[in-house]
Amino acid sequence: MGPVRESISKGVVSPLRTVPKGIARPDYVGKKRTARWGGGDVHTAEAIERIRISAKIAAQALAEVGKNVAPGVTTDELDRIGHEFILDNGAYPSTLGYPGAAGRPPFPKSLCTSVNEVICHGIPDSTVIQDGDIVKVDITAYKNSMHGDNCGSFIAGEGTDRSRKLVEATHEAMMRGIRAAQAGREVNVIGRVIEKYASRFGFESVQNYTGHGVGPAFHTGLVIPHYDAAPDHADVIEPGMVFTVEPMLVDGSEASQEWNDGWTVVTNSSAWVAQFEHTIVITESGPEVLTLP
Ligand code: MF3
Ligand code: CO
Ligand code: CO
């Protein structure tokens, strides 16, 4: 592997991509903020079947984009590939036009690309992927009034022993968190398991960005921490609940800041980060992953 890049900086964001008239948009598109979801996080079997469809499209899109992560490819090109894949499946890319914090612009692209020290919410732009980069791709699809949300980490080229360990441990941390999500337990069990596993390798789990209820809203209001938040976040897990588990592990301190673009979150020390995310449903017999291709 050649020398790794010093640090990530802002590139040029391409013009807005269009969405055909026939594809239904989520209600927040074109609004200053998202409406609060008041319908809870336990869904009917019929609603879960619709979430399953969106989750599958999101997972297929993630696999397609992931195949294209390679040195020399821009993150904007990854956005084009994901955007077209989602539209081709009759879905809307949920991040496109998602409202930002007060006074900040909406998210301008159809997926998030977060490279190396970028924790999350990286905006696809003219940034050229280099050999050894860790590229997190986060894709959400909206169809039949339901969102399905997932993220994966892809190393361009071989990476280093440490970057591969970070990616592998983050995936395993997510899977352990998912397996802990059993009906009757508090949601804070999930982060407890994730943080404990991360600490074995000296990795820190990001606290400021969390998993969330998902389905009829992109973010329903239910928060799933990826650290040991007990006695807070004591919501009891129930059959029929749908939410994400999406740990971000840092090879160093998880302290972070946001760029003035209103979105991009980076580690203060420029320590590198990996993330995985699944949308899951809780059944009587345990958690089931919905974001599978
Ligand atoms: N998909 C992200 C999540 O896992 C949210 C991205 S919102 C965006 O919750 F506006 F930054 F795209
Ligand atoms: Co999410
Ligand atoms: Co996501």
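In the predicted model described here, the secondary structure of the protein comes to 4 helices and 15 strands. The radius of gyration is 18 Å, close to the 19 Å that the globule rule gives for 293 residues, so the protein is as compact as a globular protein of that length. Measured out along its principal axes, the C-alpha trace spans about 50 × 50 × 35 Å. Of the 293 residues, 54% are buried, and the accessible surface of the protein comes to about 12300 Å², with 51% of that area belonging to carbon and sulfur atoms. When contacts between residues at least 6 apart in sequence are considered, 73% of them join residues that are at least 24 apart.

The cobalt ion (ligand 3) takes its protein donors from three residues named as D138, D149 and E277, where D138 appears twice through OD atoms, D149 contributes OD and E277 contributes OE. These protein donors lie 2.1 to 2.4 Å from the cobalt ion (ligand 3). Around this ion there are 6 donor atoms, and because the angles that they subtend run from 57 to 172°, the arrangement is irregular. In sequence, the donor residues of the cobalt ion (ligand 3) follow the spacing D-x10-D-x127-E. D149 lies in strand β5 (residues 146-155), whereas E277 is placed in the loop between β13 (273-275) and β14 (278-283), so that the pair ties together parts that are 128 residues apart in sequence. Both of these residues, D149 and E277, are buried. A further cobalt ion (ligand 2) is found 3.2 Å from the cobalt ion (ligand 3), and D149 coordinates both ions.

Attention may also be given to T264, which has its place in the loop between β11 (256-258) and β12 (265-267). The relative accessibility of T264 is 3%, and because residues under 20% are classed as buried, T264 counts as buried. Its side chain makes a polar contact with the side chain of D261, at 2.5 Å. Once neighbours within four places in sequence are left aside, T264 is in contact with V118, C120, H121, G122 and I123, and also with Q257, E258 and W259.

Conventions:
Residues numbered from 1 in each chain as written. Chains lettered and ligands numbered in written order. Predicted model: local features only at pLDDT ≥ 70, side-chain atom pairs only at ≥ 80, totals over all residues. Heavy atoms only, no water. Donors = N, O, S within 2.8 Å, 3.2 Å for Na, K, Ca; no water. Tetrahedral: all angles 85-135°; square planar, octahedral: opposite > 155°, others 65-115°. Helix = DSSP H or I, 4+ residues; strand = E, 2+ residues; numbered from the N terminus. Buried < 20%, exposed > 50% of the residue type's maximum accessible area, 1.4 Å probe, protein only. Polar contact = N/O pair within 3.5 Å; in protein donor to acceptor, adjacent residues only side chain to side chain. Contact = heavy atoms within 4.5 Å. Rg over C-alpha atoms; globule rule 2.2 N^0.38 Å. Areas by Shrake-Rupley, 256 points an atom, 1.4 Å probe, with all protein chains shown as cover.
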